[in-house]
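Here are some notes to read beside the structure, set out as numbered points. Please keep the sequence and the 3D view open while you go through them.

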Amino acid sequence: MNYITHILLLQAQRNQAPAEEEVEEEEEETEELGHVDTYADYKPSKSTIGINHPDIVVETNTLSSVPPPDITYHLSIPESTIKQGLLSALQLEAIIYACQQHEVILQNNQRAGFLIGDGAGVGKGRTVAGIILENNLKGRKKALWFSVSNDLKYDAERDLKDIDAPTIPVHALNKIKYGDTATSEGVLFATYSALIGESQAGGQHRTRLKQILDWCKPGFDGVIVFDECHKAKNATSTKMGKAVLDLQNKLPLARVVYASATGASEPKNMIYMSRLGIWGDGTPFKTFDDFLHAIEKRGVGAMEIVAMDMKVSGMYIARQLSFSGVSFRIEEIGLDDDFKLVYNKAAKLWAEALAVFMRAADELGLVSRKSLWGQFWSSHQRFFKYLCIAAKVRCLVELAKKELEAGKCIVIGLQSTGEARTREVLDENDGHLDRFVSAAEGVFKALVQKHFPSEKQRREKVTGNKRKRKPRGRQSKFPKHTMVEAGGVINISDDSSTDTEGMDTDSNSSPDSLLDNSDDVIFVQHTSCHTARIEEMKQSLLNKIADLGKELPLNTLDELIDKFGGPEKVSEMTGRKGRVVRRLDGSVRYESRAEQSHTIDHINLKEKDRFMSGEKLVAIISEAASSGISLQADKRVKNQCRRVHMTLELPWSADRAIQQFGRTHRSNQVTAPEYIFLISELAGERRFASIVAKRLESLGALTHGDRRATESRDLSKYNFENKYGTKALDKITKAILGHIESKVPPPKGYPGGDALFFRDMKKGMMDVGIFCKEPRFGLSTEKDCSITKFLNRILGLEVHKQNSLFQYFTDNFDYLIEKDKKEGKYDMGILDLAPGNDEIYEEKQETFMTVGNPQDGQVVLYKISVDRGMPWKEAFEKAQNLKGLDEGFYLSHKLRGNHPCVLLAEQGRGRNLIVYKPNIGKQAHPESLDNLQQRYRKVELNEAKDSWESQFNFSFGKCCHANWNGKCKKIEEGQECLQGMRLRQYHMLCGALLRVWKRVADVVADITSSSILQIVRLKTKNSNKQVGIKIPENCVARVREELLKMDEEVKRRRKEKELRAQEQRLADDRQFKLQLQNKLYSQPMASLFPHHFPHHHFPLPLAPNSTKPSRVGEEVLDLTVSPSPSPDSTEGGLGLDSLTGGPMGGFAEDFNLESLLLTAQNTAHLQHMPQPLHPMCVCVCGYYSCPVSPKADSAVLCEPCFPQAV
């Protein structure tokens, strides 16, 4: 019995040990991927001209892993401009690549465009001016420059002057009358809004777009610059975006340059970049929608590939100022008890207002309530947004004063000025104000006054609402302004938005931009008692708002200026026209921002000068000042104090965020700025951070090829607007309604426990309109309840409820992400293969052709080996530095083959040890000391050496099973086994990935059931950088098959193309021969050939096959060697050399073909050419009896003719 037990125990141990090792090995493999530094220092790699940029410039590691194309373009910019450093080396590089790309004609016959994605402060203005100068020197004297503000015209003039091109005039379109196209050469400067300008003056309909097209003239091939081009986003949905697309389509040969630090914050905003050739004929994406679907479906990884593909194709460049020296921090601000009290009162009053609005709507019998709720919820969101900002004012002022005392200066960024509310109060008081206004109170009050359901007929035409719904039935008989009796029709607006949510659905635009609309058809059944009761409800609500208003915070901007000492101490750069200020005697009044010698248009520039000269040390900027204004600690200005940039209010979109952050971090600065993000502890406040974080994450990926690149990447923990957010929201709503049992427990420590938590949350969700009662279904979630809507609405809950609900939501969110990570379904973005390991080798590479626009490209399938072993020398050196009691070498109690297992342990956290092994290097997960001591014993250095070296050498080519047991079952069965081997092998696909993405993703999804392609980056032993898709081992064969198919397809198409080109050339040859024959025969032969020489044949080769392709598209875009064709050139003409196959050599003296052709041309005026006797004859004589065969391959002169010809 003992014997059997002993055998079983031994067998169990034998089975268990490899299992344990196997678990370790699997975990170790995951460690081969990780993140390293985001940026790499940038130097132009192919361009050698120009002097270095004044500041350190970086590029994301991902983009730096792919090379730009070779340079084929020759600059015309004067040597003096380059030598003086008026344009730096990297600005010249951008100019060269832009001009080179402009020589490419896409397959839709439009000229290719170029995207400058340089970060704020690198000097895009000078780069653009350089492109205009280069084209001007090439004879293209007209250019269009679009930007966001008319003020930037002065910057354009300054940039041209700075690069020594002051002779190129800049004309402002807004100063030119409609229809006037007399403006001469130069740059026509216009804003995007000017593109949609129109005029009816003089009874004629004139548009700016037509005026621009008339000025350009047909065939325009000059430069069009779309500066700050993110303003043209949403091209399908905005008039402005459509005009940008329209302009590009109507000027197909224009040289388009897109320039913006933010490029495209989301793939959908790339629609106006039609000249990049990423979608359309000859690309994997037939339309923009196909491209959009493919990229959005495959997440950030695909966007990173787009950026790399664009760089390698020569259509994109993106550098950034180095962020060394820039510090970031997030200040989470606690709320004081008084503020919480006010906030909770406001939340309760809004819940009451919702109930009162519903009751009034029910009493009136409103049928269509879409617009009513649109207005209600957008006001609700604005109100709480103002409260969120106000919560941070006190803390911001304290922080700012400390920084000022430390000798720094302050820049405060916010979005809303609250001017609209101030003006409303001003109008109510006939232009007088004696107090600071509460923007939040104004929003609430305006909602009730203008949009409370009532019987009053309102037919005011609201700006922007052209369409009206006609009253149905007999009511249309009523005159326009009559009061309507019972059963009548009341208009409240319907056009305000196509969505139920007003602002909820569009996080891009500030709610201040929402129109107050009132035009929607509702039906009423009313009596005078109804009227009185509804008026009473409304009045009661207004009284409560007035009471609350006494405690609500004041307008943030006015309060900030007041706390910093008034307008004399603060440079305000915003779009508002007036402000409320405190006088010396303590009284308050409203005053205009305009000054005696300056108009309101120039006041921001004046305020900027005051800040830069040190006259004022606090600047407040809003979106109006976000583009183009430089507030950095410039070496050329007096105020060189370090800038502390505080974001009191995060902008509504990342485009705006980046613009604001780029104001204080620019070239030529003495010190880099500090960024402080102020986020209050209100859960709902994170809603704004979440919007920006989402945009910034995408922006970093698309505009800079790496999602970690955008400045405020710390905010990504607040990004909930993704599929995990949506799933988490679904889970919590169902759990709160009791439809499902939640796997995630409610937050600990909620007053009253779990049961009360769910009860309170159910009521709270009803108070903010997320849950609604339905007659048939009871309580259910509101339809279209998106994550945005949820985060908007929870602002209206009391502070502790809001935070608990948000905590519950984030717990679910984190749980779902963790689950996906465990199942391998989580998109990690770009990871580094074997970070920190230098032993990475390229073993093998196979190249495959891919389709492209305008050139074919190629992808390369690499087999990569990573040696992860740790040699004895390295282990020995590490051990020398270990002093801990439990640190050092360990040997296993059991033998593995002829030697025990060996490892090196280093103290980790607590009782955990970090483990190193000879075959795998550092183990992924630490070991607990207790666990280690059960299987291993601690030994001295010399005792471990033999085992270490033996295991290190053996594991190079053999798996651990062979080491332990002398053989491996898998190997014996003819399979591959990599368990415990030093060498790890990976397959990686690099090159024009965008073109093969779909095919590869389909294959991988088919085999692994996951559509995520892991993008990896690596640096080989000989310093080659590669970025590509990591192909799972079990998918390699199928992927190779798919690539071979595509390769054959491309080669077949190219062959067909070549055959067609050859046929075309033969047809052209025949045509040419016939023309020559006809022309020569149209004169009497005797007059053409007056002499007679002995019989002699003379071959006359015609139009030799040019080695140059006849159209762009036959070259290969080699993405690993970085080429670039110069495709704008056409085939060589038929000069003398080409007709004769080169210089005429020995025949030059005997046979003057030039004079022969000249004679032929001289006879071209003859109208009636006689028919040749034998049209198929290839001799010029055409005689029927000509001895030259009609099948001859080249034109020859027959024997009777030749002597006469010479």
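1. Which residue with a positive phi follows α18? The residue is Gly-614, and its phi is near 90°. Please bear in mind, here and in every later point, that the model is a predicted one.

2. Helix α18 itself, which covers residues 603-612, deserves a second look, since its buried residues are Ile-603, Asn-604, Glu-607, Arg-610, Phe-611 and Met-612. The cover over these buried residues includes four strands, namely β15 (409-413), β18 (570-573), β21 (618-621) and β22 (643-647).

3. For the chain as a whole, the secondary structure comes to 35 helices and 40 strands, and of its 1206 residues 54% are buried. Among contacts with a separation of 6 or more, 75% are between residues 24 or more positions apart in the chain. The accessible surface comes to about 54,700 Å², and carbon and sulfur atoms account for 51% of that area.

4. An open sheet of 7 strands, with parallel pairing, can be followed in the order β6-β7-β5-β10-β11-β4-β12. The edges are taken by β6 (170-172) and β12 (316-317), and because each has a single partner strand, one side of each is left without a neighbour in the sheet. As general background, strands of a sheet pair through backbone hydrogen bonds, either parallel or antiparallel.

5. Within this sheet, β4 (residues 114-116) and β11 (residues 255-259) pair in the parallel sense over 3 bridges, and Ile-116 stands opposite Ala-259 in β11. Helix α4 (residues 89-101) packs on the sheet, where α4 touches β4 and β12, and the direction of α4 makes about 160° with that of β4. Helix α8 (residues 208-216) also packs on the sheet, touching β5 (142-147) and β7 (186-191), and its direction makes about 155° with that of β5.

6. One residue of helix α8 that can be examined by itself is Gln-211. Is Gln-211 buried or exposed? Its relative accessible area is 4%, which means that Gln-211 counts as buried. Leaving aside residues up to four places away in sequence, Gln-211 touches Leu-173, Ile-176, Lys-177, Tyr-178, Gly-179, Asp-180 and Thr-181.

7. Helix α12 (residues 337-364) can be compared with two other helices, and the direction of each pairing should be noted with care. With helix α15 (residues 439-451), α12 packs at an angle of about 5°, the axes being 13 Å apart, and the two helices are therefore roughly parallel to each other. Leu-349, Trp-350, Ala-353 and Phe-357 of α12 make this contact with Phe-444, Leu-447, Val-448 and His-451 of α15.

8. With helix α13 (residues 370-405), α12 packs at an angle of about 175°, and here the axes are 12 Å apart; α12 and α13 are therefore roughly antiparallel to each other. On the α12 side the residues in contact include Phe-339, Tyr-343, Ala-346 and Met-358, while those on the α13 side include Leu-372, Trp-373, Phe-376 and Leu-387.

9. An antiparallel pairing of strands is found between β19 (residues 578-582) and β20 (residues 588-592), which are joined over 5 bridges, and in this pairing Val-580 stands opposite Tyr-590 in β20. The hairpin of β19 and β20 has 5 residues between the strands, and in this hairpin Gly-586 takes a positive phi near 95°.

10. How many disulfides does the structure hold? The count is 0, where a disulfide would be, in general terms, a covalent bond between the sulfur atoms of two cysteines. For Cys-641, the closest cysteine sulfur is in Cys-409, and because the two sulfurs are 5.0 Å apart, they are too far for a bond. Cys-641 is partly exposed, with a relative accessible area of 26%, whereas Cys-388 counts as buried at 0% relative accessibility.

11. A last place to inspect is His-432, which is located in the loop between α14 (419-428) and α15. With a relative accessible area of 58%, His-432 is exposed. In sequence His-432 and Glu-591 are 159 residues apart, and in space the distance between them, from C-alpha to C-alpha, is 9.8 Å.

Methods:
Residues are numbered from 1 along each chain as its sequence is written. This is a predicted model: local features need pLDDT of at least 70, side-chain atom pairs count only at pLDDT 80 or more; totals for chains, interfaces and linings use all residues. Side-chain values use heavy atoms; hydrogens and water are left out. Two strands pair if DSSP finds at least two bridges between them. Contact means heavy atoms within 4.5 Å. Axes are lines fitted to C-alpha atoms, for helices over the stretch in contact, and angles run from 0 to 180 degrees between N-to-C directions. A disulfide is a pair of cysteine sulfur atoms within 2.5 Å. Buried means under 20% relative accessible area, exposed over 50%, partly exposed in between (1.4 Å probe, protein chains only). Accessible areas come from the Shrake-Rupley method with a 1.4 Å probe; for residues, only the protein chains shown count as cover. Angles under 35 degrees count as roughly parallel, over 145 as roughly antiparallel, 65 to 115 as roughly perpendicular and the rest as oblique.
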